[in-house]
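Visitor: I am new to this structure. Please pick one part, look at it closely, and place it in the whole.

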Amino acid sequence: MAIIAPLLRLAVASAAARTMRHAAVDVALRLMLILSAAIAGAVGVLCFTYAGLTILQRHLDPAEVWGIVGSLYGLAGVALYLAATRRRRGI
């Protein structure tokens, strides 16, 4: 019986270490996917902004165009804020 307890502890410790290694790999993979999605989203927003600016600047003054784009991003920010805080406000 004195030999079985340390062997059981060793088996449990190695199983726990294996589980922790798998969890660490899973967390690293999820972090890389989230980071990649964030970078892709930022590039997409920049590309669409530049395309919109190019099209609008053909018809309007550059200051007016930046005002329009800034207003759109402001409205999007307010909408995202309200959506994020909806649960806390009890709606």
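Guide: What follows is a close look at helix α1, with the rest of the chain as its setting.

First, some ground rules. This is a predicted model, where local features need pLDDT of at least 70 and side-chain atom pairs count only at pLDDT 80 or more, while totals for chains, interfaces and linings use all residues. Residues are numbered from 1 along each chain as its sequence is written, and side-chain values use heavy atoms, with hydrogens and water left out.

Now the whole chain. There are three helices and zero strands. The order along the sequence is α-α-α. The radius of gyration is 26 Å, well over the 12 Å that the globule rule gives for 91 residues, so the chain is more spread out than a compact globule. That radius is taken over C-alpha atoms, and the globule rule is 2.2 Å times the number of residues to the power 0.38. Along the principal axes, the C-alpha atoms fill a box of roughly 85 × 35 × 15 Å. Helices here are DSSP runs (H or I, at least four residues), as are strands (E, at least two), numbered from the N terminus.

Confidence comes next. The mean pLDDT is 85, and 95% of the residues score at least 70. This score is the predictor's confidence in each residue, from 0 to 100. By element, α2 has the highest mean (91) and α3 the lowest (72).

On to helix α1. It covers residues 4-57. A5 lies in this helix. A5 is partly exposed, at 32% relative accessible area. The terms are simple: buried is under 20% relative accessible area, exposed is over 50%, and partly exposed is in between (1.4 Å probe, protein chains only). A5 and A79 show the spread: they are 74 residues apart in sequence and 60 Å apart in space, C-alpha to C-alpha.

Further along α1 are D26 and R30, four residues apart, about one turn of the helix. Their side chains meet in a salt bridge at 3.4 Å, N to O. Side chains of opposite charge can pair when their charged atoms come close. The rule asks for a side-chain nitrogen of Lys or Arg within 4 Å of a carboxyl oxygen of Asp or Glu. By that rule, the count is one salt bridge. R30 is exposed, at 53%. D26 is partly exposed, at 36%.

Then comes a nonpolar surface patch. M32, L35, I39 and V43 form it, with about 380 Å² of accessible area together. I39 sits in α1. Patch residues have over 30% relative accessible area and no salt bridge; like charges are joined within 9 Å, and nonpolar side chains (Val, Leu, Ile, Met, Phe, Trp, Tyr) within 5 Å. Areas come from the Shrake-Rupley method with a 1.4 Å probe; for residues, only the protein chains shown count as cover.

T49 also lies in α1. T49 is buried, at 14%. Buried residues make up 5% of the 91 residues in the chain. The side chain of T49 reaches the backbone oxygen of V45 at 2.7 Å.

One residue outside α1 makes a useful companion. T85 lies in the loop between α2 (62-84) and α3 (86-89). T85 is buried, at 5%. Its side chain reaches the backbone oxygen of Y81 at 2.9 Å.

Methods: Polar contact = N/O pair within 3.5 Å; in protein donor to acceptor, adjacent residues only side chain to side chain.
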